[in-house]
Amino acid sequence: ESVVACGAGQSAYEVKDHDTTNAALKALERLALTDERFAMTVGFMLPHAPYVASRKWVDYFMKVLPPPDIPVGANDTGWIAWWRKNRGIENVPDRQSRLARAAYWGLVAVLDEMIGKILRRLETLGLSENTLIVYASDHGDHVGERGLWWKHTFYEESVKVPMILAHSSISRGVRDEVVSLIDLAATITEA
């Protein structure tokens with residue numbers, strides 16, 4: 001992994017996710033022809049290093065994305081100092097940091113488009129009303145906050161993950177409870 005690999009382009013991860021999206025759309029078409037209950041996992045890789053996304057998204061986010069909120073840790077010691085040195089991220093040039101951040105958020109936008117295709121297909125096929133939809137991730141990414149990249153720490157940017165559940169019986173809103181991915185399988189099974 002390298003912050004050097006950033007900017008406009010397309011990674012194998014993105015290509016794989018486009019293939020995954022297409023496979024999910026075809027699977028939904030088949031499932032719509034049956035009356036059987038189903039569970040389907042759609043495993044995406046994006047957003048993920050290398051931080052490369054289409055030119056349109058990189059250009060867009062280069063214009064609108066603010067700099068990181070959390071400054072580089074001036075007094076990093078121990079493992080964090082070692083990590084910066086070991087990964088070559090002690091002095092990431094501002095332009096490279098901005099490109100990497102813009103591409104990361106570009107990858108989020110690409111993933112959003114892919115998920116949108118799947119949600120629209122569920123709607124078109126009449127499957128959305130009675131389908132529990134779960135979006136979750138296994139880890140976060142620093143994306144330049146604290147001058148750090150990727151995961152690999154216990155800072156919130158790395159360990160906090162999204163978990164979004166949508167179903168016609170679930171009221172909209174944000175909940176404050178701490179949850180775990182460990183709870184997710186039981187929740188899906190119960191649903």
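Ala, Val, Leu, Ile, Met, Phe, Trp, Tyr, Cys and Pro count here as nonpolar, Asp, Glu, Lys and Arg as charged, and the others, Gly among them, as polar. The model is predicted, so local features need pLDDT of at least 70 and side-chain atom pairs count only at pLDDT 80 or more, while totals for chains, interfaces and linings use all residues. Residues are numbered from 1 along each chain as its sequence is written, and side-chain values use heavy atoms, with hydrogens and water left out.

**Exercise 1. Describe the second largest pocket and the residues of its lining.**

Step 1. A pocket is an open set of points on a 1 Å grid over the protein atoms alone, where a 1.4 Å probe fits, with protein on both sides within 12 Å along at least five of seven lines; lining residues have an atom within 4 Å of a point. Grid points are joined across faces, edges and corners, and a volume is the space filled by probe spheres set on the points.

Step 2. The second largest pocket holds about 300 Å³ of space. It has 22 lining residues, and the closest to its centre are Pro68, Asp94, Ser97, Gly144 and Trp149.

Step 3. Two or more lining residues come from each of α2 (55-64) and α4 (94-124). Helices (H or I, at least four residues) and strands (E, at least two) are DSSP runs, numbered from the N terminus. α4 provides the largest share, 5 residues.

Step 4. By class, the lining has 13 nonpolar, 4 polar and 5 charged residues.

**Exercise 2. Find which element gives the most to the largest nonpolar core.**

Step 1. A nonpolar core is a set of buried Ala, Val, Leu, Ile, Met, Phe, Trp, Tyr and Cys residues joined through side-chain atoms within 4.5 Å. Buried means under 20% relative accessible area, exposed over 50%, and partly exposed in between (1.4 Å probe, protein chains only).

Step 2. The largest core has 26 residues, of which Leu46, Tyr51, Val58, Ile89, Trp149 and Trp150 touch the most other members. At least two residues each come from β2 (51-53), α2, α3 (78-87) and α4.

Step 3. The answer is α4, with 10 residues. A second, separate core of 6 residues includes Ala24, Leu28, Ile118 and Leu127.

**Exercise 3. Explain why Ile80, Trp83 and Arg84 lie on the same side of α3.**

Step 1. Ile80, Trp83 and Arg84 of α3 are buried. They lie on the same side because they cover an arc of only 100 degrees around the axis, taken from the directions from the helix axis to the C-beta atoms.

Step 2. An α-helix has 3.6 residues a turn, so residues three or four places apart point the same way.

Step 3. Gly78 and Lys85, on the other side of α3, are exposed. Gly88 follows α3 and has a positive phi, near 70 degrees.

**Exercise 4. Locate the cis peptide bonds at Pro47 and Pro50.**

Step 1. Leu46 and Pro47 are joined by a cis bond with omega about -10 degrees. Pro47 is in the loop between α1 (12-32) and β2.

Step 2. The bond from Ala49 to Pro50 is cis too, with omega near 5 degrees. Pro50 is in the loop between α1 and β2.

**Exercise 5. State whether Thr21 is buried or exposed, and list its contacts.**

Step 1. Thr21 is in helix α1. Thr21 counts as buried because its relative accessibility is 2%.

Step 2. Leaving out residues up to four places away in sequence, Thr21 touches Phe44, Met114, Lys117 and Ile118, where contact means heavy atoms within 4.5 Å.
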